[in-house]
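Colleague: Before we rely on the labels attached to this structure, I would like to hear the reasoning behind each of them. Could we go through them in turn?

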Amino acid sequence: MPRPRRSAGPRVSVLRIGHRAGRDPRLTTHVALTARAFGAERLYLHPGDAALAERIARVAATWGGSFAVEAVRDWKRLIREFDGVVVHLTMYGEPVARVAPKLRRATSVLLVVGGAKVPPDLYRLAAHNVAVGHQPHSEVAALAVILAKIRGIPGPGVWPGARAVLVPQAHGKKVVAIAEGAG
Ligand code: SAM
């Protein structure tokens, strides 16, 4: 099984603010899984959640790659000091089709998604406020769509360090174990 074709586009980190540990573990887990699957390098999480970070580390240990979840104390500082383009995903922003070409040319992008309530400061701290459609939906959907637009969708293949790889099937499931050091 070949390595997946490297998606083009910028290096991407994701910042999720307003996480409620213990209240919405599934939603933030899906934010992390989506970020990882579509080629982001890390999820900054505010506030942190060690159990969630551990769950995602177990996924990465099986399926490969170096994606990690990092706790963030001061998310405003992270945004101010980020060396790249900061993009806040919000239904109130500019259409994604207008901003995506600029993001594809960037070296490094931080995508910021909110939770139930978004602090107003975020709208001015971000370089771009970007809408994925102009109706309310979900941080998971917004993230998947913008990552697909700026980095493409990774094809099948072995990720570095993976212990398993799946072989795409028209029907059914096929997963192949990878010998240590082969991934
Ligand atoms: N009511 C919240 C607010 O103050 O904006 C939004 C809550 S929404 C359930 C959670 C997150 O999903 C938002 O912070 C945003 O990042 C993302 N989101 C939802 N709809 C979106 C859209 N149409 N475009 C971009 N992002 C969206």
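Modeller: Let me start with proline 47, which lies in the loop between β2 (42–46) and α2, and bear in mind throughout that this is a predicted model. Histidine 46 and proline 47 are joined by a cis peptide bond, with omega at about -10°. Most peptide bonds are trans.

Colleague: Why is histidine 88 called buried?

Modeller: Buried means under 20% relative accessible area, and histidine 88, at 0%, therefore counts as buried. This residue is found in strand β4 (residues 85–95).

Colleague: What makes the pairing of histidine 88 with asparagine 129 a polar contact?

Modeller: The cut-off for a pair of N or O atoms is 3.5 Å, and the contact between the two side chains, histidine 88 and asparagine 129, is given at 2.8 Å, within that limit. Asparagine 129, found in strand β6 (residues 128–131), has a relative accessible area of 18% and so is buried too, being under the 20% limit.

Colleague: Why does glycine 22 count as exposed?

Modeller: Exposed requires over 50% relative accessible area, and glycine 22 is at 68%, so the label follows. Glycine 22 sits in the loop between β1 (11–17) and α1 (25–37), and its C-alpha atom is separated by 9.7 Å from that of leucine 52, which is 30 residues away along the chain.

Colleague: How do you know that arginine 11 and glutamate 41 form a salt bridge?

Modeller: The nitrogen and the carboxyl oxygen must lie within 4 Å, and the closest N and O atoms of arginine 11 and glutamate 41 are 2.9 Å apart, so the pair qualifies. Because arginine 11 lies in strand β1 and glutamate 41 in the loop between α1 and β2, the bridge ties together parts that are 30 residues apart in sequence. Arg11 and Glu41 also belong to a network of salt bridges that includes Arg42 and Glu70.

Colleague: Why are both of those partners, arginine 11 and glutamate 41, called partly exposed?

Modeller: Partly exposed covers what falls between the buried limit of 20% and the exposed limit of 50%; arginine 11 is at 49% and glutamate 41 at 27%, so each of these values belongs to that class.

Colleague: What makes arginine 124 and aspartate 121 a salt bridge, and why are they about one helical turn apart?

Modeller: Their N to O distance is 3.9 Å, which is within the 4 Å cut-off, so the pair counts as a salt bridge. The two are separated by about one helical turn because they are three residues apart in helix α5 (residues 121–125). Arginine 124, at 60%, is exposed because the value is over 50%, whereas aspartate 121, at 27%, is partly exposed.

Colleague: How do you know that tryptophan 63 is accessible enough for the nonpolar surface patch?

Modeller: A patch residue needs over 30% relative accessible area, and tryptophan 63, at 33%, therefore passes that cut-off while being classed as partly exposed. Tryptophan 63, found in helix α2 (residues 50–63), makes the patch of about 270 Å² with Leu166 and Val175.

Colleague: What makes lysine 102 accessible enough for the positive surface patch?

Modeller: Lysine 102 is partly exposed at 47%, so it too is over the 30% required of patch residues. The positive patch is formed by Lys102, Arg104, Arg105 and Lys149, and helix α4 (residues 96–105), in which lysine 102 lies, gives the most to it, with three residues.

Definitions and conventions:
Residues are numbered from 1 along each chain as its sequence is written. This is a predicted model: local features need pLDDT of at least 70, side-chain atom pairs count only at pLDDT 80 or more; totals for chains, interfaces and linings use all residues. Side-chain values use heavy atoms; hydrogens and water are left out. Patches are made of residues with over 30% relative accessible area and no salt bridge: like charges are joined within 9 Å, nonpolar side chains (Val, Leu, Ile, Met, Phe, Trp, Tyr) within 5 Å. Accessible areas come from the Shrake-Rupley method with a 1.4 Å probe; for residues, only the protein chains shown count as cover. A salt bridge is a side-chain nitrogen of Lys or Arg within 4 Å of a carboxyl oxygen of Asp or Glu. Lys and Arg count as positive and Asp and Glu as negative; His and the chain ends are not counted. The place of a charge is taken as NZ of Lys, CZ of Arg, CG of Asp or CD of Glu. Helices (H or I, at least four residues) and strands (E, at least two) are DSSP runs, numbered from the N terminus. Buried means under 20% relative accessible area, exposed over 50%, partly exposed in between (1.4 Å probe, protein chains only). A polar contact is a pair of N or O atoms within 3.5 Å; within protein, one must be able to donate a hydrogen and the other to accept it, and residues adjacent in sequence count only if both atoms are side-chain atoms.
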